[in-house]
Amino acid sequence: MDETTFPRHPFDPLSDDKLREECGVFGVIGVDDAANFVALGMHALQHRGQEAGGIVTHHPETGFNQQRRMGLVRDNFTSQSMMAQLPGTIGIGHVRYSTAGSKGHTAIRDVQPFFGEFSMGGAAIAHNGNIVNAEELRRELIERGSIFQSSSDSECIVHLMARSMGRNIPDRMEEALRKVEGAFSVVAMTRTKLIGCRDPLGVRPLVLGRVGDGWALASETCALDIIGADFVREIEPGEMVVITPKGVESHFPFRPAKPRFCIFEHVYFSRPDSQLGGRSVYETRENIGRELAKEAPVDADLVCPVPDSGTPAAIGYSLQSGIPYAMGIIRNNYMGRTFIEPTAEIRNMGVRLKLNVNRALIRDKRVILVDDSVVRGTTSRKIKEMILDAGAAEVHFRIASPPTAWPCFYGVDTPQREKLLAATMSEEEMRVHLGVDSIRFISLDGLYRAVGEAKGRDPKAPAYCDACFSGDYPVKPTDQMAKGFKMVEAAE
């Protein structure tokens, strides 16, 4: 491995069976030592991307300053010497997983924010989401003379801005984003402006906060909390805000569309201490557990979460069912990067590196395991084996999301459809495959009820993007369809 690459996901026995958000974005303006605020915001958003991170700031004397690094925020953006290289009162940052761009590893050239010099001055941009027509745009731009420096879809926005004839950076960004299809929440900056924008469907989150006399933009409210900022509001779907020391200007440059926020943000992606749509993520996940208990009851002795993402739903299931909640599985949060290249013997230990069963609690018990999702099913099988090895009498899986049967193309790292367990097996076939006494998933209607849609899902006008469960893609995945992907209408 050379110094410009980093393994896509350091060895983690849970990593092959979880969906991952692509990234998180953060920006501030009007605060001293902006880079320190940005680093704190990135740290709060680390769950959204752990491969790499970058910060760009601007100072009147030094101009634009940029640092991009592989690995975690805590390992790169905490030293005084590093932060001294990022002076200024305005800055943006980005934490990354690679869904688009380099596969198998992240290259330093793909780490955001991206920076470009334009005729009216420089600008930096950080993007959360996925551009579904990026390959088509890239081909067109290259044919017209653009020279790409990365394999990231986000760089298309920079080149489209460079070719725009807009009179200023916000105008150029508007023009560029009108040509982009897919999901995007963008944070950008010029020398004097902080800019935030969401796609017309609002698939990915973006929030506005007030910090002293300055302002902040973030993927989630938990990042505002860490810097002591007051949550002001969510950026609306299709809205662009341009923030200067004078205040916030709001524009709506896109054709209006019915919002389709990603429902999986409620299930798993967002931190439980964040708020989405005026709702506590934690409370929503507890509601999911309650709905799951109503839909899929079972006689058992204990309700145990698969930590940590299954915890709120397990609490909800326990409260609704009256079955005691217990920490039957303990997570080791200090595995770190010791096992980036483990031996075969260590690999065979599987999830035991990360999770351990509380044997005295589990022995002879009928156990309900609550998890947020099942993707490939590999981790579920290993956890089941651990529970049975500890002497459990029965193992019942209850899953706090519907079966994940379709890949996401809007900024989530998803396996190909044929590798998704629910795409090839019925619920009973999954039960047999996993070797458990029962497995039940919350229904799509139940999930909608848990997030506040009392009547469940309206099939004619769903309130959320739920394509990974339903195959109902609100934006056609142009690049993937060109490669032969068939949407749900054609698949039936």
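A residue is taken as buried when its relative accessible area is under 20%. At 1% relative accessibility, Ala 176 therefore counts as buried in this predicted model. Ala 176 belongs to helix α6. Leaving aside residues up to four places away in sequence, Ala 176 touches Ile 157, Leu 160 and Met 161. Between Ala 176 and Cys 156 there are 8.6 Å in space, C-alpha to C-alpha, and the two are 20 residues apart in sequence.

The residues touched by Ala 176 lead to helix α5. Ile 157, Leu 160 and Met 161 are among the buried residues of α5, and the others are Glu 155, Cys 156, Val 158 and His 159. Helix α5 covers residues 155-163, and 7 of its 9 residues are buried, so the helix is largely enclosed by the rest of the structure. The cover over the buried residues of α5 includes two helices, α4 (134-143) and α6 (169-178), together with the strands β8 (114-118), β9 (121-131) and β10 (182-189).

For the protein as a whole, 59% of the 492 residues count as buried. The secondary structure comprises 19 helices and 27 strands. Among contacts with a separation of 6 or more, 69% are between residues 24 or more positions apart.

One open sheet contains 7 strands with antiparallel pairing, and their order is β5-β4-β6-β3-β13-β12-β14. The edges are formed by β5 (63-70) and β14 (230-234); each has a single partner strand, so one side of each is left without a neighbour in the sheet. With direction ignored, neighbouring strands are turned by 15° against each other on average. Helix α1 (residues 34-44) packs on this sheet and touches β3 (23-29), β4 (52-59), β6 (90-96) and β12. The direction of α1 makes about 25° with that of β6. At the β14 edge, β12 (residues 207-211) pairs with β14 over 4 bridges in the antiparallel sense. Gly 209 has Phe 231 in β14 as its bridge partner.

Within this sheet, strand β3 is mostly covered, with 7 of its 7 residues buried. The cover extends to both faces of β3. Cys 23, Val 25, Gly 27 and Ile 29 are buried on one side, and Gly 24, Phe 26 and Val 28 are buried on the other. Strand β3 is joined to β6 by 7 bridges, and these two strands run antiparallel. In this pairing, Ile 29 stands opposite Ile 90 of β6. The pairing of β3 with β13 (residues 214-218) is also antiparallel and has 4 bridges. Here Gly 27 of β3 has Leu 217 in β13 as its bridge partner.

A further open sheet has 4 strands in the order β20-β23-β24-β26, with parallel pairing. The edge strands are β20 (302-305) and β26 (438-441), each of which pairs on one side only. From one strand to the next, the twist averages 20°. Strand β24 (residues 394-399) runs parallel to β26 and is joined to that strand by 4 bridges. Ile 399 has Phe 441 in β26 as its bridge partner. Two helices are described in relation to this sheet. Helix α13 (residues 378-389) packs on the sheet in contact with β23 and β24, and the direction of α13 makes about 145° with that of β24. Helix α10 (residues 311-321) lies across β20, β23 (366-371) and β24, running at about 165° to β20.

The remaining results concern internal space. Rolling a probe the size of a water molecule over the atoms shows where empty space is left. The count comes to 3 cavities of 30 Å³ or more. The largest cavity has a volume of about 70 Å³. Its lining consists of 13 residues, of which Arg 204, Cys 262, Cys 408, Val 412 and Cys 468 are the closest to the cavity centre. Two or more lining residues of the largest cavity come from each of the helices α8 (264-269) and α17 (467-470). By residue class, the lining of the largest cavity holds 11 nonpolar, no polar and 2 charged residues.

Methods. Residues are numbered from 1 along each chain as its sequence is written. This is a predicted model: local features need pLDDT of at least 70, side-chain atom pairs count only at pLDDT 80 or more; totals for chains, interfaces and linings use all residues. Side-chain values use heavy atoms; hydrogens and water are left out. Two strands pair if DSSP finds at least two bridges between them. Axes are lines fitted to C-alpha atoms, for helices over the stretch in contact, and angles run from 0 to 180 degrees between N-to-C directions. Contact means heavy atoms within 4.5 Å. On a 1 Å grid over the protein atoms alone, a cavity is a set of points where a 1.4 Å probe fits but cannot get out, and a pocket is an open set with protein on both sides within 12 Å along at least five of seven lines; lining residues have an atom within 4 Å of a point. Grid points are joined across faces, edges and corners, and a volume is the space filled by probe spheres set on the points. Ala, Val, Leu, Ile, Met, Phe, Trp, Tyr, Cys and Pro count as nonpolar, Asp, Glu, Lys and Arg as charged, and the others, Gly among them, as polar. Buried means under 20% relative accessible area, exposed over 50%, partly exposed in between (1.4 Å probe, protein chains only).
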